[in-house]
Amino acid sequence: MIVLGVTATNGIDQELAAILGARHVVVEHKLFPDGESYIRIPVDVSGEDVIVVQSTYKPQDKHLIELLIAIDALRDLGARRITVVIPYLAYARQDKRFREGEGISIKTILQTIRANGADDLIVVEIHKEESLKFFRGRAINIPSVYALAEYFKNMSNLLILAPDKGALKRAKIFAELVNGECDYLEKFRDRVTGEISVKPKSIDVKGKNVVIVDDIVSTGKTMALAARKALENGALNVYAACAHALLINNALDLLKNSGIKEIIATNTVPVPKEVKTVSIAPYIAKAIKELYETR
């Protein structure tokens, strides 16, 4: 087995190779003067099982194209089985037509990855797991809550708070893992402007250590609103936990100014030093082993 790191792995490829006892290889990569990417597989992969690792954080389009080039090259070069690991999968939030005429971006991405030669797919905390139906192959979505809950396992008096009802399932699992309670806020997003508002809800958070858990923190507005609401209602401390801490623009400052004590994320994307991270690699490795055991 070969673990192949493409251009955006955040070190997860190295961790996976060590855990799996596999050979670790990194693509040869450079940019042409016009900005186009050059990808070369520097070893013989004929007859090999290859685990391709590429996260698709910003610049998303560049990282996706580099992944597709790598998959296609592996197929041409005779790789026996290609398992694609995408710790953070971009374009996943557009999973249906919210307004007439919209493209379904996650459908486009997953069908393209499959058509390019991927046999299996592993992702971490995709926005909606049912989106994986577009891949038309074996696909595994790894929840982040198990890795995140490890950080809080020794903390008492916990209330796990979902920033909206859609995230309540994740919060319930998290709460069970840390022996805490869970609740949610009601969130509304304007489909045209993107503005978010939170409907007041009676939540008993007084004296609690509140952990707000979500899949993605992008602008931080939803998480900051939830944090302020929890503190207004008497929370002792508020923590933010997420799979993918994208933290666009001034999101980090917004979160810190909302009163959040700590931000904890998995290592699917690079994060500022102020954000504490837990590794998702052991959970990806477990999924890879399960895939190969059931072949």
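Mentor: Let's get our words straight: helices (H or I, at least four residues) and strands (E, at least two) are DSSP runs, numbered from the N terminus. The model is predicted, so local features need pLDDT of at least 70 and side-chain atom pairs 80 or more, while totals for chains, interfaces and linings use all residues. Residues are numbered from 1 along each chain as its sequence is written, and side-chain values use heavy atoms, leaving out hydrogens and water.

Trainee: In what order do the 6 strands of the open sheet come?

Mentor: Strands of a sheet pair through backbone hydrogen bonds, either parallel or antiparallel. To call two strands a pair, DSSP has to find at least two bridges between them. The pairing here is parallel, and the order is β10-β9-β13-β14-β15-β16.

Trainee: Which strands stand at the edges?

Mentor: Look for strands with a single partner. One side of such a strand is left without a neighbour in the sheet, so the edges belong to β10 (181–184) and β16 (276–278).

Trainee: By how many degrees are neighbouring strands turned against each other on average?

Mentor: Axes are lines fitted to C-alpha atoms (for helices, over the stretch in contact), and angles run from 0 to 180 degrees between N-to-C directions. Ignoring direction, the average turn in this sheet is 25 degrees.

Trainee: Which helix packs on the sheet, touching β9 and β13 (209–217) among others?

Mentor: Contact means heavy atoms within 4.5 Å. The helix also touches β14 (237–245), β15 (262–266) and β16, and its direction makes about 145 degrees with that of β15. It covers residues 145–152, and its name is α4.

Trainee: What is the bridge partner of Ile160 in β10?

Mentor: Strand β9 (residues 158–162) runs parallel to β10, and 4 bridges join them. For Ile160, the partner in β10 is Cys182.

Trainee: Are helices α2 and α3 roughly parallel or roughly antiparallel?

Mentor: The axes of α2 (residues 60–76) and α3 (residues 105–115) come within 9 Å and cross at roughly 20 degrees. Under 35 degrees counts as roughly parallel, over 145 as roughly antiparallel, 65 to 115 as roughly perpendicular, and the rest as oblique. These two are therefore roughly parallel.

Trainee: How many nonpolar residues are in the contact of α2 with α3?

Mentor: Leu64, Leu67, Leu68 and Ile71 of α2 meet Ile109, Thr112 and Ile113 of α3. Ala, Val, Leu, Ile, Met, Phe, Trp, Tyr, Cys and Pro count as nonpolar, Asp, Glu, Lys and Arg as charged, and the others, Gly among them, as polar. There are no charged residues and 1 polar one, and the nonpolar count is 6.

Trainee: How many Å apart are the end C-alpha atoms of α6?

Mentor: The expected span is 1.5 Å times one less than the number of residues. With 12 residues, α6 (residues 221–232) should span 16 Å, and the end atoms agree, being apart by 16 Å.

Trainee: Is Asn267 buried or exposed?

Mentor: Asn267 is in the loop between β15 and β16, and its contacts include Asn10, Ile12 and Val278. Buried means under 20% relative accessible area, exposed over 50%, and partly exposed in between (1.4 Å probe, protein chains only). Asn267 has 8% relative accessibility, so it counts as buried.

Trainee: What is the relative accessible area of Asn157?

Mentor: Asn157 belongs to the loop between α4 and β9. Its phi is positive, about 55 degrees, though it isn't a glycine. It is partly exposed, with a relative accessible area of 41%.

Definitions and conventions. Lists of a residue's contacts leave out its neighbours within four places in sequence.
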